[in-house]
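Here is a short structural report. It moves from the whole fold to single residues.

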Amino acid sequence: MTSTSTLETSDVPMTTSKYDDIVVDIKDGIGTIKVHYLAAIALLAYNILISVKFNRPKALNSFGGTLVLDTIAALRELNDHPDTIFTVITGEGRFFCAGADVTNSGKRRKDFKNDGEKKAWFLSELATGVELVRSLIDHKKVLVLAMNGPGVGAGASWFQGTSDIFYAAQDAWMQVTFSQLGLIPEMGAAVNWAHQIGVHRANDWLMFGGKATADEMHKMGLVNRIFPTEGFHSKVQDYLSEMLKERSGKSMMEMKRLQNQSLRDQRILALFEAWQALAERFVDGEPAERMLAKMNELAAKREAKSAKL
């Protein structure tokens, strides 16, 4: 069995509080990092296996609050963790990630002097997402996406193309609507997806949008393995732990390095180009109009639902 664990805390639980919204407990060689109510992410460190959980279930794990910033911080920490081979990204609740929180789209700044200032402001606003995807691209550990439920928008494009291994729950599905919102495939997704499923399939999916089930994702070669939705997280953990029993974790990490080194520069360039292109779309103004219409549509649905109660 391969294990690089040096933890010797089996008898005394240890708690750290270096994060505002995360509590870390270490016991029996297992590190568990939990978030407070409705905070950004939860991390479960199982000796050689670490999971990063999005934990905004009431907001369908959308990119609001501190979710993106906390994920960046977690990836930095796990990148150099001495006792892990896998970093697993997953969600808490019924959704994996609902992408951008469109409820805040109407609060964006509008008093720009010119288009140059407007673009610079949007580049700054998008920079956090750029750093998140760069962290995924450059992550040294084997990056496993464990899609526990539906993913929409960024939740259906940022992680799928940058992960090394992709597992999905049977009931998971993903949907992208970039062109419907006047956007472009974000954060290098156009190139990352082409690496995974080929140019034609990537074009069809990202240009026209659509919805794909776990089975469809598996058939297109995107998903490696499908697990039952019930007990999904524990089944993924058990499977990866089993893989490490007779396999060298260092060998797997080296395989990942060799696989990705020729793709890294392409992905970083694609990330930069998409960052610029998305900012230009916002300068154009069409995404704001389409997002506002979507926000009004969602508000109307909530109002109609409330009226029936």
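The sections below cover the overall make-up, a pocket, two strand arrangements, one helix and three single residues.

## Overall make-up

This is a predicted model. Its secondary structure comes to eight helices and twelve strands. The protein has 309 residues, and 46% of them count as buried.

Long-range contacts are counted between residues at least 6 apart in sequence. Of these contacts, 67% join residues at least 24 apart.

## The second largest pocket

The volume of the second largest pocket is about 510 Å³. Its lining has 24 residues, and the closest to the pocket centre are Val142, Asp164, Ile165, Asn224 and Gln259.

Which elements build the lining of this pocket? Strands E7 (142–147) and E9 (165–169) each supply at least two residues, as do helices H3 (189–197), H6 (232–245) and H7 (249–284). H7 gives the largest share, with seven residues. By class, the lining holds 13 nonpolar, eight polar and three charged residues.

## Strand E6 and its partner E7

Strand E6 spans residues 86–91. Six of its six residues are buried, so E6 is largely enclosed by the rest of the structure. In a regular strand, side chains alternate between the two faces of the sheet. Here Phe86, Val88 and Thr90 point one way from E6, while Thr87, Ile89 and Gly91 point the other way. Both sets are buried.

E6 pairs with E7 in the parallel sense, over four bridges. Thr87 stands opposite Leu143 in E7. E7 also takes part in the pocket lining described above.

## The sheet E8-E10-E11

Three strands form an open sheet, in the order E8-E10-E11, with mixed pairing. The edges are E8 (151–152) and E11. Each has a single partner strand, so one side of each is left without a neighbour in the sheet.

What are the two senses of pairing? E8 and E10 run parallel and pair over two bridges. E10 and E11 pair in the antiparallel sense, over four bridges. Met174 of E10 links to both sides: Gly151 stands opposite Met174, and Ala212 in E11 is a bridge partner of Met174.

## Met174 in E10

Met174 sits in strand E10. Is Met174 buried or exposed? Met174 is buried, with a relative accessible area of 0%.

Contacts of Met174, leaving out residues up to four places away in sequence, include Met147, Ala156, Gln160, Trp193, Met217 and Leu222. Its sheet partners Gly151 and Ala212 are also on the contact list. So are Trp205, Gly210 and Lys211. Ala98 is 76 residues from Met174 along the chain, and their C-alpha atoms are separated by 9.4 Å.

## Helix H4

H4 covers residues 199–208, and its residues Ala202, Trp205 and Leu206 are buried. Seen down the axis of H4, the buried residues fall within an arc of 85°, so they line one face of the helix. An α-helix has 3.6 residues a turn, so residues three or four places apart point the same way. On the other side of H4, His200 and Phe208 are exposed.

What covers the buried residues of H4? The cover includes E10 (173–176), H3 and E11 (210–213). One link is atomic contact between Trp205 and Met174. After H4 comes Gly209, with a positive phi near 75°.

## Met187 and Glu280

Most residues other than glycine have a negative phi. Met187 is not a glycine, yet its phi is positive, about 55°. Met187 is found in the loop between E10 and H3. Its relative accessibility is 4%, so Met187 counts as buried.

Glu280 lies in helix H7. Its relative accessible area is 40%, so Glu280 is partly exposed. Where does the chain bring Glu280 in relation to Lys118? The two are 162 residues apart in sequence and 9.1 Å apart in space, C-alpha to C-alpha.

Definitions and conventions. Residues are numbered from 1 along each chain as its sequence is written. This is a predicted model: local features need pLDDT of at least 70, side-chain atom pairs count only at pLDDT 80 or more; totals for chains, interfaces and linings use all residues. Side-chain values use heavy atoms; hydrogens and water are left out. On a 1 Å grid over the protein atoms alone, a cavity is a set of points where a 1.4 Å probe fits but cannot get out, and a pocket is an open set with protein on both sides within 12 Å along at least five of seven lines; lining residues have an atom within 4 Å of a point. Grid points are joined across faces, edges and corners, and a volume is the space filled by probe spheres set on the points. Ala, Val, Leu, Ile, Met, Phe, Trp, Tyr, Cys and Pro count as nonpolar, Asp, Glu, Lys and Arg as charged, and the others, Gly among them, as polar. Buried means under 20% relative accessible area, exposed over 50%, partly exposed in between (1.4 Å probe, protein chains only). The arc is that of the directions from the helix axis to the C-beta atoms. Contact means heavy atoms within 4.5 Å. Two strands pair if DSSP finds at least two bridges between them.
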